[in-house]
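Here is a short tour of a protein model, written for someone who would like to look around before going to the bench. Have the structure open and follow along.

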Amino acid sequence: MPELPEVETVKNGLKPIIGSKLKGFIVHKDGWRKPVPVDKLTAHIGKPIIDTYRRAKWPALVFEDGCLWMHLGMSGQIRLFNSDKNLPPLEKHDHIELFFEDGKVIRFKDERRFGIVAWTDHPYSEPPSSEKLGPEPFDPEWDDAYFYKQLSQHKTPIKPFIMNAKIVVGVGNIYASEALFLAKISPLKPANTLTKEDASNLREKIIQVLQAGIKGGGSTLKDHRMANGEIGDYQNSHTVYGKEGRPCVVCGTPIVKITQATRSTFYCPSCQSD
């Protein structure tokens with residue numbers, strides 16, 4: 001599933017659409033978990049996009065009175081074409097197209113159909129998530145004191161803890177493993193056993209790897225594509241994720257893979273010992 005850097009990269013890649021007015025749309029396949037809000041799209045024909053926005057793992061096109069969300073699910077790709085002339089042929093899993101008066105086109109492709117197209121009233125509103133969302137990792141609200149207080153109240157192992165969107169949003173499997181390695185903290189360590197220094201260090205490393213992931217265009221392991229169709233590059237900078245059996249870049253100890261909360265965790269048992 002795309003994590004915060006991948007979604008942020010897509011959101012940033014859609015910025016050229018700002019100022020464009022919706023001309024029309026075609027729903028080729030409406031087989032998602034929720035129906036496409038056709039009535040809202042129809043009502044906004046002729047209305048301009050005023051911004052692109054991300055909340056947690058939800059990217060959105062912002063209108064003056066609301067947000068059109070396009071959650072990528074497990075395999076979704078959002079592609080922006082700058083001209084409707086000589087568009088490439090539709091692909092099998094292209095579900096919806098948005099056409100704009102200046103010729104730009106957005107296509108949403110979703111092979112596994114776990115994505116969502118949804119509408120919420122009011123610009124910069126909360127997405128229609130099924131769970132209450134915690135703070136953004138780049139939000140000043142999520143500071144050392146706040147994070148340490150969160151940690152002190154839970155015995156959950158730290159890896160699944162920081163992946164909980166109620167705690168902080170956007171820290172998925174890849175970036176949780178990478179941040180814990182940089183912080184030299186075992187993924188098995190109970191959250192409430194981290195010291196204030198540990199908490200500060202880990203929060204810093206989470207922000208660091210997320211920013212690096214965004215700068216690298218996200219991690220393309222299989223499906224992720226930027227809005228221009230290019231793959232991300234950050235997978236080439238992974239230190240532990242997907243490196244089972246390979247030597248640690250710091251100490252040479254083979255990287256270990258375990259399962260936590262049904263997800264794969266990669267870590268160095270030497271650098272990240274309990």
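A residue counts as buried when its relative accessible area is under 20%. With that cut-off in hand, the model, which is a predicted one, can be read from the inside outwards.

**An enclosed helix**

Let us begin with helix α5, residues 173–183. Ten of its eleven residues are buried, so the rest of the structure largely encloses this helix. The buried residues are N173, I174, Y175, A176, S177, E178, A179, L180, F181 and A183. Their cover includes α1 (4–13), α4 (158–162), α6 and β10 (263–267). Just after α5 comes K184, which takes a positive phi of about 60°.

**Two helices that cross**

Helix α6, part of that cover, also meets α3 (residues 144–152). Two packed helices are described by the angle between their axes and the distance between those axes. For α3 and α6, the axes come within 9 Å and cross at roughly 115°, and the crossing is right-handed. On the α3 side the contact is made by D144, F147, Y148 and L151, while α6 brings K196, A199, S200, L202 and R203. By class, this contact has five nonpolar, one polar and three charged residues.

**A cysteine in a loop**

Where does C251 lie? Its place is in the loop between α6 (196–215) and β9 (256–260). C251 counts as partly exposed because its relative accessibility is 36%. Leaving aside neighbours within four places in sequence, C251 is in contact with C268, S270 and C271. C251 and C268 are 17 residues apart along the chain, and their C-alpha atoms are separated by 8.7 Å.

**The whole protein**

Stepping back, the protein has six helices and ten strands. Its radius of gyration is close to the value that the globule rule gives for 274 residues, so the protein is as compact as a globular protein of that length. Some overall values are collected here.

| Property of the protein | Value |
|---|---|
| Radius of gyration | 20 Å |
| Globule rule for 274 residues | 19 Å |
| Box filled by C-alpha atoms, along the principal axes | roughly 60 × 35 × 30 Å |
| Exposed area | about 12500 Å² |

Carbon and sulfur atoms supply 50% of that exposed area. Buried residues make up 51% of the 274 residues. Among contacts between residues at least 6 apart in sequence, 66% join residues at least 24 apart.

Note on methods. Residues numbered from 1 in each chain as written. Predicted model: local features only at pLDDT ≥ 70, side-chain atom pairs only at ≥ 80, totals over all residues. Heavy atoms only, no water. Helix = DSSP H or I, 4+ residues; strand = E, 2+ residues; numbered from the N terminus. Buried < 20%, exposed > 50% of the residue type's maximum accessible area, 1.4 Å probe, protein only. Contact = heavy atoms within 4.5 Å. Axes fitted to C-alpha atoms, helices over the stretch in contact; angles between N-to-C directions. Left-handed = near helix turned anticlockwise from the far one by under 90°. Nonpolar A, V, L, I, M, F, W, Y, C, P; charged D, E, K, R; others polar. Rg over C-alpha atoms; globule rule 2.2 N^0.38 Å. Areas by Shrake-Rupley, 256 points an atom, 1.4 Å probe, with all protein chains shown as cover.
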